[in-house]
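Q: Got a minute to go through this model with me? I'd like to start with how the chains meet.

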Amino acid sequence: MLKDHAKIIHAISVSGEVIGRKKLQKMIYIAKKMEFPFQERFQFHFYGPYSEELTLRVEELCNMGFLDEVKEKKGGYYQYRYTLTEAGQEFLGENSIEMPCLGDCLTDINDQNARFLELVSTVLYFDNLPGDEVREKIQTVKKSQKYTDEEIADAYAYIASLKEKARQLA
Amino acid sequence: MEYSEEKLIEEKVFKDPVHRYVHVRDRVIWDLIGTKEFQRLRRVKQLGTTYLTFHGAEHSRFNHSLGVYEITRRIVDNAFASRPEWDEGERLLSLCAALLHDLGHGPFSHSFEKVFDLDHEDFTREIILGDTEVNQVLTKVAPDFPKKVAEVIEKTYENKLVISLISSQIDADRMDYLQRDAYFTGVSYGHFDMERILRVMRPREDQVVIKQSGMHAVEDYIMSRYQMYWQVYFHPVTRSAEVILTKILHRAKHLHEQNYTFKHKPHHFYSIFEDRMTLQDYLKLDEAVFLYYFQSWEEEEDDILSDLCRRFNNRNLFKYVEFDPAKEYKKLAKLSVLFEQAGLDPEYYLVVDSSSDLPYDFYRPGEEEERLPIHLLKKNGEIRELSRESEIVDAISGKRRTDHKLYYPADFLEKEKARPEIEQIVQILELNLDNGTI
């Protein structure tokens with residue numbers, strides 16, 4: 001009960017602080033693709049994989065007082081920062097989550113910039129397609145981002161290293 | 001004449017309580033409606049278990065799919081026709097995607113997908129691209145046409161304007177289900193001036209925008225979405241039925257894993273239980289099949305499965321109390337122990353249901369690029385996000401309202417109320433025994 005909520009709290013706890021809703025979405029999506037058992041379902045939206053369930057769950061956790069959300073103005077838009085509250089720590093203490101390798105993976109993902117994570121999550125979204133088609137897809141659905149071949153190659157290398165990390169730790 | 005341009009000799013019309021008539025002239029659309037995969041949608045209800053709360057809500061995904069097609073047809077044939085931003089070559093693709101967008105929905109799909117970790121969008125893709133009658137029709141248009149239809153529905157097609165017709169924050173899908181669900185549930189929410197919205201829609205490169213003069217009609221649409229969410233989609237009694245349905249499926253799967261011998265063998269479920277389901281297995285499932293098993297399983301020797309099925313079939317649902325996880329999660333652990341002592345497995349009989357478990361979407365103004373917002377087109381050509389122009393929309397967008405409920409079998413507690421552990425449960429749940437009911 002409330003296990004799915006506890007998993008999200010755990011993810012933010014091991015990440016320390018997550019800056020940006022978009023980043024949080026990408027982090028959980030990538031972790032899910034690394035076979036960490038998150039239940040939220042993602043669909044492809046204008047800006048890449050997005051989960052309305054995750055958005056709602058994070059809203060609930062903020063309402064419960066388990067997550068702290070700080071809204072700050074950045075240029076012409078607002079950005080949100082998420083950290084765990086004391087009540088969230090306590091809740092996590094009573095609802096232990098067994099995902100031992102998640103911390104290392106999420107810390108690594110959290111260190112990457114949002115543009116790169118958008119690319120990585122898009123590559124993962126199309127992982128059922130052959131490599132050439134994935135490149136074609138990225139140039140189609142992410143036309144405005146103008147990703148270079150080098151960046152796409154970096155994304156593949158990053159995914160491989162992340163998989164390795166998840167496997168080693170497991 | 002090419003198949004893609006072939007028209008029926010006489011227009012076919014479907015009488016429809018929401019749009020009055022659904023008009024079909026294109027041979028491709030007519031043929032798609034006749035496929036067995038599309039006809040299957042007649043046997044999947046649009047609102048799952050909502051009929052147990054609003055008895056009129058028996059409408060199917062077939063009705064809704066025709067409605068989405070009809071709205072899209074009116075947009076592309078009337079609102080967009082001969083506008084330079086609209087590519088007429090995308091017309092048939094838009095209509096096919098609108099008609100087929102829900103093709104992969106399974107029976108009671110919300111609970112079903114949750115228990116078996118499935119996604120109807122994957123099945124929609126498989127039906128469109130696989131060995132099916134739908135695929136045969138689409139392939140007759142062009143060999144790459146099925147792929148294009150699947151891409152529009154998956155929101156990965158290159159022309160984002162086409163995607164936004166059936167998948168954006170103001171699209172044919174939402175405009176149909178709000179009106180249709182309001183009609184069939186009988187509630188007075190969910191009404192808005194769709195004709196007005198269709199008249200003020202303008203195609204742009206990446207999405208549909210709305211002329212500023214149509215803002216009030218859009219406000220009404222956003223408000224009806226908000227009201228339908230809380231009054232219909234998230235009704236606590238419907239959620240109780242969903243909880244029981246979910247638990248039936250969990251229990252049946254668990255029993256299969258424990259090598260339990262079913263009196264009524266769940267032939268339709270074996271491949272799902274064993275994680276080897278094919279598209280053909282999936283297409284055999286509909287709500288009539290599920291209800292047949294639920295009726296048969298009333299006679300099972302497993303007390304939990306038979307009890308849950310009786311509850312679902314006879315609408316003897318769980319009652320609920322408001323639950324605040326932040327303050328009460330410790331209470332929950334205590335209740336679990338007491339339920340076990342009382343002989344009720346808390347895994348099946350004590351259930352927290354959160355608003356995020358049933359995510360119908362609110363309007364989101366697109367902060368941090370989460371979702372593409374609704375854009376208004378001002379007289380001077382400027383494009384502005386809706387909530388920046390509308391105080392009404394600003395008042396309800398991005399405002400959190402979440403909700404958690406704790407479901408339990410009140411009838412059992414009532415019957416066994418003399419037992420000390422039940423007394424404690426009643427006390428913790430703060431139930432009222434004074435009038436003889438809880």
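**Chain contacts, cores and domains**

A: Sure. In this predicted model, 33 residues of chain A are in contact with 24 residues of chain B.

Q: Which elements of chain A give two or more residues to that side?
A: Those are α2 (21–33), β2 (43–45), α3 (52–64), β5 (77–84), α4 (86–94) and α7 (131–141) of chain A. The largest share comes from α3(A), with nine residues.

Q: And by class, what does the side of chain A that touches chain B have?
A: There are 15 nonpolar, eight polar and 10 charged residues on it.

Q: OK, switching to packing. Which residues touch the most other members in the largest nonpolar core?
A: That core has 67 residues, and the ones in question are B:Leu32, B:Cys96, B:Ala97, B:Ala98, B:Leu100, B:Val134 and B:Val149. Helix α4 (residues 91–100) of chain B gives the most to this core, eight residues.

Q: What does B:Cys96 touch, not counting residues up to four places away in sequence?
A: B:Val28, B:Leu32, B:Leu138 and B:Val149. Apart from this core lies another one, of 47 residues, including A:Ile12, A:Met27, A:Met34 and A:Leu54.

Q: Now domains. How is chain B divided?
A: Into domain 1 (3–234 + 364–396) and domain 2 (236–357 + 402–428). Their C-alpha centres lie 33 Å apart. The contact takes 24 residues from domain 1 of chain B and 22 residues from domain 2 of chain B.

Q: Which elements give two or more residues on the domain 1 side?
A: α5 (109–116) and α6 (120–129) of chain B. The largest share there, six residues, comes from α5(B). By class, that side of domain 1 has 10 nonpolar, eight polar and six charged residues.

How values were computed: Residues are numbered from 1 along each chain as its sequence is written. Chains are lettered from A and ligands numbered from 1 in the order in which they are written. This is a predicted model: local features need pLDDT of at least 70, side-chain atom pairs count only at pLDDT 80 or more; totals for chains, interfaces and linings use all residues. Two residues are in contact if their C-beta atoms, placed from the backbone, lie within 7 Å. Helices (H or I, at least four residues) and strands (E, at least two) are DSSP runs, numbered from the N terminus. Ala, Val, Leu, Ile, Met, Phe, Trp, Tyr, Cys and Pro count as nonpolar, Asp, Glu, Lys and Arg as charged, and the others, Gly among them, as polar. A nonpolar core is a set of buried Ala, Val, Leu, Ile, Met, Phe, Trp, Tyr and Cys residues joined through C-beta atoms within 7 Å. A residue is buried if 20 or more other C-beta atoms lie within 10 Å of its own, exposed if 12 or fewer, and partly exposed in between; C-beta atoms are placed from the backbone. Domain bounds come from an automatic or database domain assignment.
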